[in-house]
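Here are a few friendly notes to help you find your way around. Keep the structure open beside you and take the points in order.

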Amino acid sequence: MLHLLLGTDWTANRDEVMKRIAADVAGRRGNRILMVPELISHETERRLCAAAGDTASRYAEVLSFTRLARRVADSMGSAAEECLDNGGRVVAMAAAAKNLSSRLKAYAAVETKPEFLTGLIDAVDEFKRCCISSADLSRAAGETEGSLAQKLEELSLLMESYDALCSRGKRDPRDQMTWLLEQMEQGDFAREHVFYIDGFPDFTRQNLAVLEHLICTSSMVTVALNCDEVDSSLLAFEKPGKTAGELYRIAKRRGVRAEVCCLGS
């Protein structure tokens, strides 16, 4: 089941989430996970202890998406994948470009120019956040013409070669959410836990794919968003309102019951 907690006062949203988790702790209902952005995870842990008491850690824990990946790996008895650092990503992209040197035209100078390599890595980041694969780029190239088609095809080749190199060594950090989803689909982690999600104005396509799995598998997912209504028309709440709409439609499309609670109304 999906609960959407919507409110224009983000502190009221946060307090309501804490209140609900505190009630779970008081009732000794365990396996509660509160997901927040990495930057506020430690502060949220302190707030949770203050709201739910000294026994909070027995029944609830605070995770970011990255920490969730490690938590799922631990629960399944597998080691979390090691990821490339920024320098390693540049080296891997340079190797990918070198392997394709005879087939590159639009990006022929990539191999020898660090700024081009960095730009390619930024492009790969964006593609992966949006769940765009090398095959998607290749299809797009086939639907266009001229220099754009050439660039899209070469980007597809570079991304495919880069991913192949990463698969034989350390993982690209942007694949972590894809790996997380694969791990959860193979196990019962989502089914065994109840999720509260707070502090996000929106989500990447990768994160939305993870949330879709949680919504369809967990007995309850509660998402707090700082907006007045689903698909809000107010500029100040446009982004979180759109996010609420996306989550609501995911639940409806997958046949999951969804409830919207507007706080303060």
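1. Let's begin with a question: how many bridges join β1 to strand β6, and in which sense do the two run, parallel or antiparallel? Five bridges join them, and the strands run parallel, with β6 covering residues 258-262. To see one pairing up close, look at Leu6, which stands opposite Cys262 in β6. Please bear in mind that this is a predicted model.

2. Strand β1 has a second partner. It pairs with β5 in the parallel sense, again over five bridges. Here His3 is a handy place to look, as its bridge partner in β5 is Thr222.

3. Now look at how β1 (residues 2-6) is covered: five of its five residues are buried. Leu2, Leu4 and Leu6 point one way from the strand, while His3 and Leu5 point the other way. Why this back-and-forth? In a regular strand the side chains alternate between the two faces of the sheet. In β1, the residues pointing either way are buried.

4. Leu2 also leads us to the interior. The largest nonpolar core has 38 residues, and Leu2, Phe195 and Leu247 are those with the most contacts inside it. Apart from it lies another core, this one of 23 residues, including Leu84, Ala97, Tyr107 and Leu120.

5. Leu247 deserves a closer look. Not counting residues up to four places away in sequence, Leu247 touches Leu2 and Leu4, and its other contacts include Phe203, Leu208, Leu211, Ile215, Val223 and Leu225.

6. Next, try Thr217, found in helix α11 (residues 205-217). Is Thr217 buried or exposed? With a relative accessible area of 19%, Thr217 counts as buried, because the cut-off for buried is under 20%. A polar atom of its side chain lies 2.8 Å from the backbone oxygen of His213. Leaving aside neighbours within four places in sequence, Thr217 is in contact with Ala190 and Arg191.

7. Finish with Ser219, in the loop between α11 and β5 (221-225). Its relative accessible area is 52%, so Ser219 counts as exposed, the cut-off being over 50%. Ser219 still has contacts: with neighbours within four places in sequence left aside, they are Met1, His193 and Val194. As for Lys252, it is 33 residues from Ser219 in sequence, and the two are 15 Å apart in space, C-alpha to C-alpha.

Note on methods:
Residues are numbered from 1 along each chain as its sequence is written. This is a predicted model: local features need pLDDT of at least 70, side-chain atom pairs count only at pLDDT 80 or more; totals for chains, interfaces and linings use all residues. Side-chain values use heavy atoms; hydrogens and water are left out. Helices (H or I, at least four residues) and strands (E, at least two) are DSSP runs, numbered from the N terminus. Buried means under 20% relative accessible area, exposed over 50%, partly exposed in between (1.4 Å probe, protein chains only). A polar contact is a pair of N or O atoms within 3.5 Å; within protein, one must be able to donate a hydrogen and the other to accept it, and residues adjacent in sequence count only if both atoms are side-chain atoms. Contact means heavy atoms within 4.5 Å. A nonpolar core is a set of buried Ala, Val, Leu, Ile, Met, Phe, Trp, Tyr and Cys residues joined through side-chain atoms within 4.5 Å. Two strands pair if DSSP finds at least two bridges between them.
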